[in-house]
Amino acid sequence: MEFLSWKVEDGVAIITIARPPANALSRGIIAEVDAVLDAVENDDAVRVLVLHGEGRFFSAGADIKEFTEVESGDEFTKLAGNGQQVFERVETFSKPVIAAIHGAALGGGLELAMSCHMRFVTESAKLGLPELQLGLIPGFGGTQRLPRYVGVAKAAEMMFTSEPISGAEAVQWGLANRAFTEESLLEETLKVAKKIAKKSPIALKEAIQALQYAKPASFYEGIEAEAKSFGTVFVSADAKEGIQAFIEKREPVFTGK
């Protein structure tokens with residue numbers, strides 16, 4: 001694979017995202033996440049998956065330059081739907097998936113992390129959904145999963161302001177399970193993962209399936225609406241301005257068109 005690698009240690013598949021400098025979430029990474037799940041699903045040596053990023057970040061967001069290659073709202077809706085399907089597969093995967101977050105998990109990076117069953121963070125990590133800063137909205141399930149963890153009001157604050165919260169705040173808000181130091185994050189995450197790996201695979205699979213019933217009935221309708229809205233905003237002048245401003249490293253000027 002080009003962007004992901006993994007090794008198995010005591011029943012835990014340690015999966016590393018490596019797309020420097022920011023591990024920007026591209027179509028290629030999403031496709032490889034799907035392929036890794038294929039590879040380990042029936043591997044009895046793998047009981048738990050741990051996902052983390054190489055270098056400075058877990059994933060600092062989507063690959064914005066890829067957005068400039070999309071020409072229509074329908075194509076953007078399809079792009080969102082594909083990401084949603086892969087992330088839904090992560091959330092419903094038959095083996096526990098844990099995200100170990102350092103540096104930043106922003107935009108699509110946070111949406112990937114939120115689809116994991118558990119999240120461990122560094123205290124100084126930055127977690128956020130800054131898409132409105134680009135004239136867009138979260139499109140890989142963020143509008144639906146974030147409120148489940150932090151409540152609608154706090155989710156609205158994070159999305160509307162585009163301001164991230166720290167790892168320590170993420171624990172307080174219920175978005176992350178535990179916070180560790182930068183140096184101990186992966187080690188402590190693996191301790192928990194290896195403890196889980198000793199549990200019955202059958203019981204773990206059934207527990208994951210049972211947890212799916214905790215989703216509100218409107219979740220899947222919400223995901224579909226999110227993808228459509230993602231396509232709608234993409235064809236706006238504001239979105240084009242936001243994306244161009246990001247590439248040019250300047251403040252966007254939105255006109256409401």
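This report describes the sheet, the helices around it and the nonpolar cores of one predicted model.

**The sheet**

Six strands make up an open sheet with mixed pairing, and their order is β1-β2-β3-β4-β6-β9. The edges are held by β1 and β9 (178-180); each has a single partner strand, so one side of each is left without a neighbour in the sheet. On average, neighbouring strands of this sheet are turned by 20° against each other, direction ignored.

Two of the pairings can be set side by side.

| Strand pair | Residues | Sense | Bridges |
|---|---|---|---|
| β1 and β2 | 4-9 and 12-17 | antiparallel | six bridges |
| β4 and β6 | 97-101 and 118-122 | parallel | four bridges |

Within the antiparallel pair, Ser 5 has Thr 16 in β2 as its bridge partner. β1 and β2 form a hairpin, with two residues between the strands. Asp 10 lies in the turn and has a positive phi of about 55°. In the parallel pair, Ala 100 stands opposite Phe 120 in β6.

**Helices**

Helix α8 (residues 185-197) lies across β1, β2, β3 (48-53), β4, β6 and β9. With respect to β3, helix α8 runs at about 165°.

Helix α11 spans residues 237-247, and its buried residues are Asp 238, Ala 239, Glu 241, Gly 242, Ile 243 and Ala 245. These buried residues pack against two other helices, α2 (64-67) and α10 (219-234). Just after α11, Lys 249 takes a positive phi of about 60°.

**Nonpolar cores**

In soluble globular proteins, nonpolar side chains tend to be buried together. Here the largest nonpolar core has 44 residues. The members that touch the most others in this core are Leu 49, Phe 58, Ile 101, Leu 110, Leu 127, Leu 146 and Leu 175. Helix α1 (residues 27-41) gives the most to this core, with six residues.

Which residues does Leu 49 touch, not counting residues up to four places away in sequence? Leu 49 touches Ala 13, Ile 15, Leu 37, Val 40, Phe 93, Lys 95, Pro 96, Val 97 and Ile 98.

Apart from the largest core lies another core, of 16 residues. Its members include Val 50, Phe 180, Ala 197 and Leu 204.

Technical notes:
Residues are numbered from 1 along each chain as its sequence is written. This is a predicted model: local features need pLDDT of at least 70, side-chain atom pairs count only at pLDDT 80 or more; totals for chains, interfaces and linings use all residues. Side-chain values use heavy atoms; hydrogens and water are left out. Two strands pair if DSSP finds at least two bridges between them. Buried means under 20% relative accessible area, exposed over 50%, partly exposed in between (1.4 Å probe, protein chains only). Contact means heavy atoms within 4.5 Å. A nonpolar core is a set of buried Ala, Val, Leu, Ile, Met, Phe, Trp, Tyr and Cys residues joined through side-chain atoms within 4.5 Å. Axes are lines fitted to C-alpha atoms, for helices over the stretch in contact, and angles run from 0 to 180 degrees between N-to-C directions.
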